[in-house]
Amino acid sequence: MSTVPIKAGTDVIEPVTAASLVRREVVSLPAYDPGADTDEVAALSGVARVVKLSNNESPFGASPAVAEAVRLRVDDSLSRYPDPTGKRLAEAIGKSLAVPAGRIVLGNGSENILELLCQAVLDPGDLVTTQAPGFSLHEIFPRMMGARVEKVPVTAEFGFDAIAWRDALAAGPKLVFLANPCNPTGAMLGAGELGRVVAGTPKSALLVLDEAYCEFARPNPDYPDGLEVLRGQDRPWIVLRTFSKAYGLAGVRVGYGIASDAALVQALDRVRTPYNVNQLAQDAAIAALGDHAHLAETVRRTGLEIARVTKLLRGAGLRVVPSSANFLFIETDHRSDWVAEALHRAGIVVKAWREPGYENFIRASLSTPEDNDLFVLCLTEICAKGAR
Ligand SMILES: *Cc1c(COP(=O)(O)O)cnc(C)c1O
């Protein structure tokens with residue numbers, strides 16, 4: 001047996017600490033802001049029931065068919081691994097959209113698919129284009145991979161800036177993330193605007209259309225169905241949707257993507273953890289997908305509240321962006337942190353916006369009419385007090 005002599009080095013060896021092992025991209029990564037903790041808000045306010053308007057959840061919950069499906073399945077789902085391909089759910093989704101199941105990818109929430117797309121597609125230094133203000137994970141996941149992120153600002157009226165987007169797309173991104181309706185503004189891109197993005201995105205780029213709130217926008221005849229727009233396009237694309245918002249299944253974590261071709265789904269299959277969607281979640285989503293009446297009722301009631309609360313807040317002198325989703329982006333005369341803190345003391349949780357230029361905005365998802373009335377009352381009182 002020969003041994004390799006160890007060379008006595010003169011270099012000083014730095015002790016390895018956990019922090020020193022972390023990649024440079026990760027050290028500088030902004031943290032995702034999930035909003036204030038409801039237990040802390042309960043303790044601070046002393047209210048019996050916190051009104052949570054910070055995460056765009058559905059106050060109307062999931063279809064009753066979901067609890068039934070989960071009950072039926074729970075005994076054999078706890079000890080067995082889930083179906084790694086999610087084939088029954090992928091088939092149900094594919095059938096409802098007239099897309100082959102092989103072009104459907106499932107995720108532990110659609111945010112999981114945003115992450116998988118970045119892992120599969122992005123090299124360090126690649127350019128990603130998205131919108132500001134925007135969904136923070138459209139920036140965090142690309143930066144995690146070492147990509148550069150260019151955020152195209154919305155217009156002064158919160159609309160799509162066609163010129164700025166044309167220029168940004170001409171810079172040659174590898175990945176384009178665009179939400180329609182947009183989060184946090186709730187604004188909707190029309191067919192013409194979406195068409196410009198599709199036409200302007202280089203064919204060498206992957207176009208990701210994030211339609212987390214599409215169900216709420218669909219009653220508007222001017223809302224373009226991203227899948228119908230992209231279906232015939234000869235270019236790489238993926239449309240992302242979720243069961244977290246209109247279907248009321250945020251706690252279960254299921255989202256899906258409809259991809260331009262099966263090869264993209266297969267690439268994502270290689271980077272995802274094999275059992276990324278648990279069996280109860282798969283069964284819950286199948287049940288939710290089948291209850292059209294519950295979805296329609298959620299969308300109808302949400303739309304009524306969006307219109308009613310927008311009018312009330314505007315009547316009180318606040319600026320509210322027209323919303324096609326289940327939340328409102330509201331400008332006050334005060335720092336959003338201060339407003340959110342005052343609302344928290346009243347037992348209402350909203351999200352204070354912190355992106356540059358939007359530090360006076362809060363985002364509030366709507367709840368039941370009673371909760372929304374309390375929100376309007378508290379917010380208008382807080383703003384009036386602050387103005388004195
Ligand atoms: C809520 C949201 C998602 C992700 O939701 P999941 O719960 O992960 O499915 C994705 N995109 C946008 C813009 C969202 O607001």
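Is serine 58 buried or exposed? The points below take this up first and then turn to the ligand site; the model is predicted.

1. Serine 58 counts as buried because its relative accessible area is 16%, and the cut-off for that class is under 20%.

2. As for its place in the chain, serine 58 belongs to the loop that runs between strand S1 (51-52) and helix H4 (64-77). The side chain of serine 58 makes a polar contact with the backbone nitrogen of phenylalanine 60, at 3.1 Å.

3. The ligand occupies the space that is the largest pocket. Around the ligand stand Gly109, Ser110, Glu111, Phe135, Asn183, Asp210, Ala212, Tyr213, Thr242, Ser244, Lys245 and Arg253.

4. Sorted by class, this shell holds five polar, four charged and three nonpolar residues. Glu111, Asp210, Lys245 and Arg253 are among the residues that surround the ligand.

5. Polar contacts to oxygen atoms of the ligand come from both side chain and backbone. A polar side-chain atom of arginine 253 is 2.7 Å from a ligand oxygen, and asparagine 183 places a polar side-chain atom 2.8 Å from a ligand oxygen. With glutamate 111, a polar backbone atom lies 3.0 Å from an oxygen atom of the ligand. On its own the ligand exposes 380 Å², and the protein buries 95% of that area.

Definitions and conventions: Residues numbered from 1 in each chain as written. Predicted model: local features only at pLDDT ≥ 70, side-chain atom pairs only at ≥ 80, totals over all residues. Heavy atoms only, no water. Near = heavy atom within 4 Å. Polar contact = N/O pair within 3.5 Å; in protein donor to acceptor, adjacent residues only side chain to side chain. Areas by Shrake-Rupley, 256 points an atom, 1.4 Å probe, with all protein chains shown as cover. 1 Å grid on protein atoms, 1.4 Å probe; cavity = no way out; pocket = protein on both sides within 12 Å on 5 of 7 lines; lining within 4 Å. Sits in = over half its atoms within 2 Å of the grid points. Nonpolar A, V, L, I, M, F, W, Y, C, P; charged D, E, K, R; others polar. Helix = DSSP H or I, 4+ residues; strand = E, 2+ residues; numbered from the N terminus. Buried < 20%, exposed > 50% of the residue type's maximum accessible area, 1.4 Å probe, protein only.
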